[in-house]
Amino acid sequence: MKTMKYEEIEHTADLRLKVYGRDERELFANAAFALFDKIVDLSAVEARETDIVEASGADLEETLVGFLGELLYRFEGESRIYREFEIVELVPGGVKAVCNGESFDEARHEVKAEIKAVTYHDVAIERGPSGVSVVITFDV
Amino acid sequence: MGEMELELKRIDRWRWEIPMTGRMRVPGRVYASDALISDIRGDQSLRQVANVACMPGIIGYSFAMPDIHFGYGFPIGGVAAMDTDEGLISPGGVGYDINCGVRLVRTKLAEAEFAHRVGDMVKALFASVPCGVGSSGGIGTVSHAEERKILTKGARWAVERGMGSPGDLDHTEEGGCLAGADAAAISERAARRGSEQVGTLGSGNHFLEIAKVDEIFDERAAMAFGLWRGQLVLQIHCGSRGLGHQVCTDYIKTMLEAARRYGLDLPDRQLCAAPVKSDEGRRYFAAMAAAANYAWNNRQVIMHLAVEALERALGISPRELGAGLVWDVAHNIAKFETHTVDGVSRSVLIHRKGATRAFGPGHGGLPADYATVGQPVLIPGDMGRQSFVCVGTDAAGETFASTCHGAGRVMSRKAARGSARGRDIVKELGKRGIHVMARGRGTVEEEMPDAYKDVAEVVGVMHEAGISSRVARLVPLGVVKG
């Protein structure tokens with residue numbers, strides 16, 4: 001079944017995304033995609049360079065928020081944008097991902113929104129018969 | 001879902017109480033009108049007020065201002081005072097944009113004479129103050145050494161470099177410098193993000209606005225603040241940029257671990273905290289104070305860039321423009337303040353997340369020229385309607401001298417974009433005589449006036465409740481958005 005990677009859900013003040021995946025690895029990859037898809041127009045981003053991104057946390061949820069926070073820093077602090085993600089390692093305490101993208105180029109890339117931070121608010125990975133999902137709240 | 005509906009008891013026309021249940025240590029106290037309370041009941045913000053009331057060491061009430069809305073962890077519009085011995089300090093009680101705040105600059109210009117130049121003024125501001133997502137380069141990149149000075153000195157750093165006057169510091173909350181800041185408590189990442197963004201506005205709800213003083217409610221206070229009907233003023237709304245966001249991100253991680261180590265049982269991870277006097281608590285305070293100082297300096301630099309831009313655009317001298325800082329408020333901050341609790345004066349650690357300090361007349365923390373009237377309280381509204389200047393009152397002690405901070409959203413950003421489809425918001429505002437320039441089209445749509453409550457309703461509640469009273473109304477003429 002072809003499922004959507006994520007959808008935006010209503011939240012008055014902040015940005016809330018519900019992210020889906022067939023399993024936890026896909027969930028992490030789709031959450032990373034969703035983050036960059038909200039920040040920039042990904043159609044103009046080329047997957048020509050590769051970075052390894054790692055993060056850790058006390059459990060899977062904290063690892064996910066930490067991972068997205070790490071990716072946000074890569075954009076904010078190092079001007080990196082990614083569009084393709086492969087989760088090569090995932091345990092409750094840590095994640096390692098291969099992220100493909102390039103450096104931000106003002107001339108070619110359109111920024112859509114400023115995301116200030118990824119929050120831990122009510123973050124809980126839910127498991128269902130067709131896969132996993134999580135709702136993540138971003139401070140914008 | 002599955003949660004018990006919280007009881008909400010009416011105290012009087014403007015005050016509501018969430019009685020203590022379950023793990024709540026104090027009741028919740030909400031300030032709202034009938035119209036606003038129905039909005040507030042519509043989201044989960046009251047649950048968040050109750051969650052904050054569960055935190056060890058909280059004193060009096062978990063407060064909600066009338067512009068409260070659902071946030072993460074603490075509600076936005078929440079105020080919590082903590083015992084300095086037994087209480088907690090929480091990065092979630094401050095927020096990611098540490099010392100996001102508002103600054104109001106008066107001019108000598110009359111709208112009657114300069115109305116036709118507002119378009120030029122907006123263009124000049126837009127060209128001079130970098131704005132938008134990830135904006136950088138307001139005054140170029142500052143060195144590591146200079147950045148450390150900014151983090152400990154706050155707005156004084158800019159004043160010492162000719163950007164503004166020493167008098168500006170007297171008209172800034174905490175003199176533009178929160179004591180206890182330690183640049184060494186800031187991560188390398190936070191410092192790196194901060195070095196490029198001094199003097200930049202950012203995006204989202206941040207703005208520069210040329211407004212007209214449209215109505216005066218309190219002649220005496222208005223005179224003390226240097227405000228008169230028909231006057232042009234400048235509002236600046238922004239915070240600590242990427243540096244503050246990174247400090248909060250870093251310390252929430254620290255506090256998640258700390259909360260576990262100290263065995264704190266908190267209803268939401270985002271409320272993670274540590275005892276005020278613990279090592280983690282002290283380090284967070286030192287880092288948060290440094291970020292707050294960065295924000296005050298940022299608004300000082302922006303004011304300088306904006307004032308110069310206006311002088312150039314209008315071809316007038318500094319004396320003719322007559323720019324002067326009315327006041328600068330912080331509305332996302334934690335700090336030690338002395339308040340009277342049950343008749344006894346004591347130091348508390350107060351968290352204001354989307355709330356404004358409102359010292360009444362005679363308070364020791366006020367500059368001489370405002371001592372007899374009280375502290376100016378700046379409450380910006382949306383870019384199409386109005387903003388208010390208020391003043392703290394004698395009764396403000398009831399809320400640990402805290403009041404509302406803005407209009408509060410009624411529409412999600414998604415709903416606002418939907419509502420803006422097929423419309424040209426910049427053009428619509430232009431037809432109403434409001435010049436808008438923005439870096440991103442999406443920002444204007446998400447920030448359109450209909451997305452916000454009418455700030456008059458919010459300000460009215462705190463006025464009627466006697467906490468902060470109305471001094472002047474400002475109407476927007478020109479707006480710069482990120």
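Which side chain of chain B does A:Glu62 meet in a salt bridge with an N to O distance of 2.9 Å? The partner is B:Arg269. Welcome to a quick tour of this predicted model, with most stops at the contact between chain A and chain B. Keep an eye on A:Glu62 as you go, since B:Arg260 also meets its side chain in a salt bridge.

**How much the two chains share**

- The contact draws on 31 residues from chain A and 37 residues from chain B.
- On the chain A side, A:Thr12, A:Tyr73 and A:Tyr120 lose the most area to chain B, and together they make up 22% of what that side buries.
- About 3100 Å² is buried between chain A and chain B, with carbon and sulfur atoms giving 48% of that area.

**Charged and polar links across the contact**

- Between chain A and chain B there are 8 salt bridges, and a search of the whole structure finds 50 over all chains.
- The salt bridge between A:Glu62 and B:Arg260 has an N to O distance of 3.0 Å.
- A:Glu62 sits in helix α2 of chain A, while B:Arg260 belongs to helix α10 (residues 241-261) of chain B, so this pair joins two chains.
- Polar contact links 16 residue pairs between chain A and chain B, counting pairs with both residues at pLDDT 80 or more.

**What chain A brings to the contact**

- Both α2 (60-78) and β6 (117-118) of chain A supply at least two residues each to the side that touches chain B.
- Helix α2(A) gives the largest share of that side, with 7 residues.
- Sorted by class, the side of chain A that touches chain B holds 15 charged, 10 nonpolar and 6 polar residues.

**An aromatic pair in chain A**

- Over all chains, the whole structure contains 13 aromatic pairs.
- In one of them, the ring centres of A:Phe75 and A:Phe104 lie 5.9 Å apart with the planes at 90°, so the pair is edge-to-face.
- A:Phe75 is in helix α2 of chain A and A:Phe104 in the loop between β5 and β6 of chain A, so to speak of this pair is to speak of distant parts of the chain, 29 residues apart.

**Confidence in chain A**

- Chain A has a mean pLDDT of 94, and 99% of its residues reach 70 or more.
- Among the elements of chain A, strand β5 (residues 94-103) has the highest mean pLDDT, 98, and strand β1 (residues 6-9) the lowest, 94.

Definitions and conventions
Residues numbered from 1 in each chain as written. Chains lettered and ligands numbered in written order. Heavy atoms only, no water. Contact = heavy atoms within 4.5 Å. Buried area = accessible area lost by both parts, 1.4 Å probe. Salt bridge = Lys/Arg side-chain N within 4 Å of Asp/Glu carboxyl O. Polar contact = N/O pair within 3.5 Å; in protein donor to acceptor, adjacent residues only side chain to side chain. Helix = DSSP H or I, 4+ residues; strand = E, 2+ residues; numbered from the N terminus. Nonpolar A, V, L, I, M, F, W, Y, C, P; charged D, E, K, R; others polar. pLDDT = per-residue confidence, 0-100. Phe/Tyr/Trp six-rings, centres within 6.5 Å; stacked < 30°, edge-to-face > 60°.
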